[in-house]
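Subject: Structure handover

Hello,

Here is the structure we talked about. Please open it alongside this note; my findings follow below.

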Amino acid sequence: MAAASLALTLALPCATSLAASSSMITTTPAVQAQLATTHPSTLYMHAQKLFEQGHKDEATVWFYIGQLRFRYHLLAHPELPADGEPAVMDALNATLGQQINEWAGGSTRDWVAAIDQALAWDDSHDNPLTPKDQYAPQLAEIRTGLQGLRQHILDNADTIRAERTANGLDNR
């Protein structure tokens with residue numbers, strides 16, 4: 001399934017359009033509609049493609065959309081074998097997640113904005129792979145977790161910046 005998702009991602013154009021200044025998402029609505037129907041690993045691959053093309057803020061949004069949807073999918077399907085989709089998500093978080101989170105931490109304001117946009121995007125798009133109405137408690141749990149990360153970033157912005165400086169990382 002992961003290979004099929006990767007193939008689909010590579011086939012999706014990374015087209016952009018002018019977006020409102022408050023939105024980090026410039027991926028066209030047509031591509032967004034396609035992405036909403038795919039496996040969450042495809043969302044990670046879209047984020048990776050954007051990141052590699054230098055669209056790092058938008059990549060952060062798509063990473064969190066992918067993470068939200070993948071975590072939700074796994075929570076809704078605990079019967080999945082650990083060496084399948086859960087292992088794929090772990091690998092994506094360990095590789096792409098490290099890269100994106102390092103970038104995102106450079107601006108806590110933009111990091112929070114990316115999480116806000118990920119939550120809003122997911123809220124406004126159906127999820128045919130893991131229907132929201134069928135697994136509402138699991139979705140609420142995952143959204144609450146992401147909202148908790150958002151709050152942690154807000155509550156610890158000064159500490160995050162200081163730790164990044166101490167570790168030789170840039171703050172934007």
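Start with the pair α6 and α7. These helices pass each other in a left-handed crossing. Note that this is a predicted model. The axes of α6 (108–124) and α7 (residues 136–155) come within 9 Å and cross at roughly 165°. That angle is over 145 degrees, so the two helices count as roughly antiparallel. On the α6 side, the contact is made by T108, W111, V112, I115, D116, L119, D122 and D123. On the α7 side, L139, R143, L146, Q147, L149, R150, I153 and L154 take part. By class, this contact has nine nonpolar, two polar and five charged residues.

Now the overall fold. The chain has eight helices and zero strands. Read from the N terminus, the order of elements is α-α-α-α-α-α-α-α. The chain has 172 residues, and 46% of them count as buried. Take the contacts between residues at least 6 apart in sequence: 72% of these join residues at least 24 apart.

Next, α4 against α7. Their axes lie 9 Å apart, at an angle of about 140°. The two helices are therefore oblique to each other. This crossing is right-handed. From α4, the contact uses Y64, L68, R71, Y72, L75 and A76. From α7, it uses Q138, L139, E141, I142, R143, L146 and L149. The residues here divide into nine nonpolar, one polar and three charged.

Several α7 residues deserve a second look. L139, R143, L146 and L149 appear in the contact with α6. L139, R143, L146 and L149 also appear in the contact with α4.

Then α4 against α5. The axes come within 10 Å and cross at roughly 155°. These helices are therefore roughly antiparallel to each other. The crossing is left-handed. In α4, the residues involved are K56, D57, A59, T60, F63, Y64, Q67, F70, R71, H73 and L74. They meet E85, P86, V88, M89, L92, N93, L96, G97, I100, N101, W103 and A104 in α5. The classes come out as 13 nonpolar, six polar and four charged. Y64 and R71 of α4 take part here, and Y64 and R71 also belong to the contact with α7.

What does α5 do along its length? Helix α5 (residues 85–104) bends by about 45° at G97. G97 is buried. The other buried residues of α5 are E85, P86, M89, L92, N93, L96, I100 and A104. The buried residues of α5 pack against α3 (40–52), α4 and α6.

Some of that spacing will look familiar. An α-helix has 3.6 residues a turn, so residues three or four places apart point the same way.

Now three single residues.

G66 sits in helix α4. Is G66 buried or exposed? G66 is buried, because its relative accessible area is 0%, and the cut-off for buried is under 20%. Leaving out residues up to four places away in sequence, G66 touches P40, L43 and Y44. G66 and A47 are 19 residues apart in sequence, with their C-alpha atoms 8.3 Å apart.

R69 is also in α4, which spans residues 56–76. R69 has a relative accessible area of 2%, so this arginine is buried. Which residues does R69 contact, neighbours within four places in sequence aside? They are A36, P40, L43, W121, D122, H125, D126, N127 and K132. P40 and L43 are also touched by G66. D122 also belongs to the contact of α6 with α7.

P131 lies in the loop between α6 and α7. Its relative accessibility is 23%, so P131 counts as partly exposed. P131 and A76 are 55 residues apart along the chain, and their C-alpha atoms are separated by 9.6 Å. A76 is one of the α4 residues that meet α7.

When you go through the model, I suggest this order: the α6 and α7 pair, then α4 with its two partners described above, then the bend in α5 at G97, and last the buried R69.

Best wishes

Technical notes: Residues are numbered from 1 along each chain as its sequence is written. This is a predicted model: local features need pLDDT of at least 70, side-chain atom pairs count only at pLDDT 80 or more; totals for chains, interfaces and linings use all residues. Side-chain values use heavy atoms; hydrogens and water are left out. Helices (H or I, at least four residues) and strands (E, at least two) are DSSP runs, numbered from the N terminus. Buried means under 20% relative accessible area, exposed over 50%, partly exposed in between (1.4 Å probe, protein chains only). Contact means heavy atoms within 4.5 Å. The bend at a residue is the angle between axes fitted to the seven residues ending there and the seven starting there. Axes are lines fitted to C-alpha atoms, for helices over the stretch in contact, and angles run from 0 to 180 degrees between N-to-C directions. Angles under 35 degrees count as roughly parallel, over 145 as roughly antiparallel, 65 to 115 as roughly perpendicular and the rest as oblique. A crossing is left-handed if the near helix is turned anticlockwise from the far one by less than a right angle, and right-handed if clockwise. Ala, Val, Leu, Ile, Met, Phe, Trp, Tyr, Cys and Pro count as nonpolar, Asp, Glu, Lys and Arg as charged, and the others, Gly among them, as polar.
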